[in-house]
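Trainee: Please give me a close look at one part of this model, starting with the backbone, and then connect it to the rest.

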Amino acid sequence: MSAVAAFLPPALRARFRGSRVLVTGGAGFIGSNLAIALVELGARVAAVDAMIPGYGGNRFNLEPVAGSVALEVADIRDAEAMARAVRGADIVFHLAGQMDHVLSLTDPFPDIDINIRGTTVLMEALKLHNPSARVVYTGTRGEYGSADSLPVSEDAPTNPRGLHEISNLAAAKIVTMYGHVHEIRGTVLRLSNIYGPRGQMRHSRYGVVNWFVRLALDGETLLVFGDGTILRDFLYVDDCVEAILLAASSDAAVGQVLNVGGGEPMTFREVAETLAALTGARWEFAPFSAERKAQEPGDFYSDISKIGRVLGWRPRKTLREGLERTLGFYRTNKPRYW
C-alpha cells in the first residue's frame, strides 16, 4: 500500500473501497498520483485526459496501476465525452486544465477555453446526468494574487495577477455556483507549489522545484531568481493527494474553499541549497526574465489552519524528504520524462 493510502484512517479507506470515481486530468502530474492512491484504496477509477502535447499527460504515469484505471483520451470541452464520463461516478476529481501561466501571457485563449468553458461543460454534464456526485476542484494559490498579509487565509481578497490565475478563479466560482444553484456538492482546493514524481519535466513552466530537480540530475546550474529570499510553501505531491482524498470524503468540506499548502514557508535559495546537498548541484543567482517578473507576486505562503480544523490535515513530508523521493523517482524513470 502506498504511503498515502497507509496514512488514511481505516474508516476513510473504507469510504473509497468499491466507489466509482472519475479523475479529469488523470494522466497528468497530480491526477495520476491521485488515481494510483484511489486504486490502492479499492476504488473503481476512470480517468479522462486530453493528452495535449506539453500539458503533462503521460501514459507512463499510470503504469503502476495499468489495467486498473480506465483511461479515455477525451477533452473536458467535449460535452458528449463528459456526459459519458460522469455517469455513475460517486466522486469527480476535477484536475484537468491549462496550467501554464507563462503561456497565458502570449496566448490567453486556452486558459479561457479549457479552464472556464471546460469546467462549465463538466458541471453541466453533472447537472444533467449525475447531480448527486461529489466534486473536488483543484485550483491554485495564484487565485489570491499578491499577499496583503501573511500567511494568506481563505478570507483574503482574490486579486489574481494573470489571465491563467483569473481563469482558475472563474472555474472555482463555477463549481461553487453549481453547488448553490443546482445543489451539486463541491469543494474547492487552492494548491500551493506542488512537486514530486510524475510531473512533466520537458519544460520549466509547471513548477520551479521539479525543474530544479531536472537541472540537478542533469548536472546543470540551478538559477535562483532575484536574491533567492522570496518565500513559498512547497508541498510534496503525496501530501497533496491526501488532502484531496480527505476533501472528497468529508461532508464538512462541502461548499468550502480550502488552502492546501506546505505549512512552513521556505525560500527558493533553501530549495537550491537542499538539492545541492543531496546531489552536489551548483546554483547561482539570476535576474528575473521580463515575463516572470510581470507575474511574480512576491512572498506567498498559505494559512492551512482551516483545512486542519475541517479535515484534520497537515503535511507530513519535509522538503528534504520530498526531494529525496522525487530525485529517486526521476533517476529511475528519466527516459520517460526527459
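Mentor: Helices (H or I, at least four residues) and strands (E, at least two) are DSSP runs, numbered from the N terminus. With those names, Pro151 can be placed in the loop between β5 (134-140) and α7 (163-182). Before going further, note that this is a predicted model, in which local features need pLDDT of at least 70 and side-chain atom pairs count only at pLDDT 80 or more, while totals for chains, interfaces and linings use all residues. Residues are numbered from 1 along each chain as its sequence is written, and side-chain values use heavy atoms, with hydrogens and water left out.

Back to the loop. Leu150 and Pro151 are joined by a cis peptide bond, with omega at about -10°. Most peptide bonds are trans, and most residues other than glycine have a negative phi. That second point leads to two further places in the backbone.

Met51 is not a glycine, yet its phi is positive, about 55°. Met51 belongs to the loop between β2 (44-49) and β3 (69-73). Its relative accessible area is 24%, so Met51 is partly exposed (buried means under 20%, exposed over 50%, partly exposed in between, with a 1.4 Å probe and protein chains only). Arg198 also has a positive phi, near 80°, in a residue other than glycine. Arg198 sits in the loop between β7 and α8, and its relative accessible area of 14% means that Arg198 is buried.

The loop that holds Arg198, between β7 and α8, also takes part in a salt bridge (a side-chain nitrogen of Lys or Arg within 4 Å of a carboxyl oxygen of Asp or Glu). There, the side chain of Arg205 meets that of Asp100, with 2.3 Å from N to O. This pair links distant parts of the chain: Arg205 is in the loop between β7 (194-195) and α8 (208-217), Asp100 is in the loop between β4 and α5 (103-106), and they are 105 residues apart. The two partners are covered to unlike degrees. Asp100 has 2% relative accessibility and therefore counts as buried. Arg205, at 32%, counts as partly exposed.

The structure holds 13 salt bridges. In another of them, Arg20 is paired with Asp90, and their closest N and O atoms are 3.6 Å apart. Arg20 lies in strand β1 (residues 20-24) and Asp90 in the loop between α4 (79-86) and β4 (91-94), so this pair ties together parts that are 70 residues apart in sequence. Arg20 is partly exposed at a relative accessible area of 36%, and Asp90 is partly exposed at 31%.

The salt bridge between Glu273 and Arg269 (2.9 Å, N to O) stays within one element. Both residues lie in helix α10 (residues 268-279), four residues apart, which is about one turn of the helix. Glu273 is partly exposed at 36% relative accessibility, and Arg269 is partly exposed at 35%. Salt bridges can also join up: Asp75, Arg77, Asp113 and Arg117 are linked in a network.

Next comes the interior. The largest nonpolar core (a set of buried Ala, Val, Leu, Ile, Met, Phe, Trp, Tyr and Cys residues joined through side-chain atoms within 4.5 Å) has 47 residues. The residues with the most contacts inside this core are Phe16, Ile30, Leu34, Leu38, Val45, Phe93 and Leu245. Helix α9 (residues 237-249) contributes nine residues, the most to this core. For Leu245, leaving aside residues up to four places away in sequence, the contacts (heavy atoms within 4.5 Å) are Val4, Leu8, Phe16, Leu34, Ala37, Leu38, Leu41 and Phe93. There is also a second, separate core, with 27 residues, among them Val48, Ile76, Val121 and Met123.

Leu34, Ala37 and Leu38, which Leu245 touches, are among the buried residues of helix α3. That helix is mostly covered, with 11 of its 12 residues buried. The buried residues of α3 also include Phe29, Ile30, Gly31, Ser32 and Asn33. Just after α3 comes Gly42, whose phi is positive, about 90°. Unlike Gly42, Met51 has its positive phi without being a glycine, and Arg198 is likewise a residue other than glycine.
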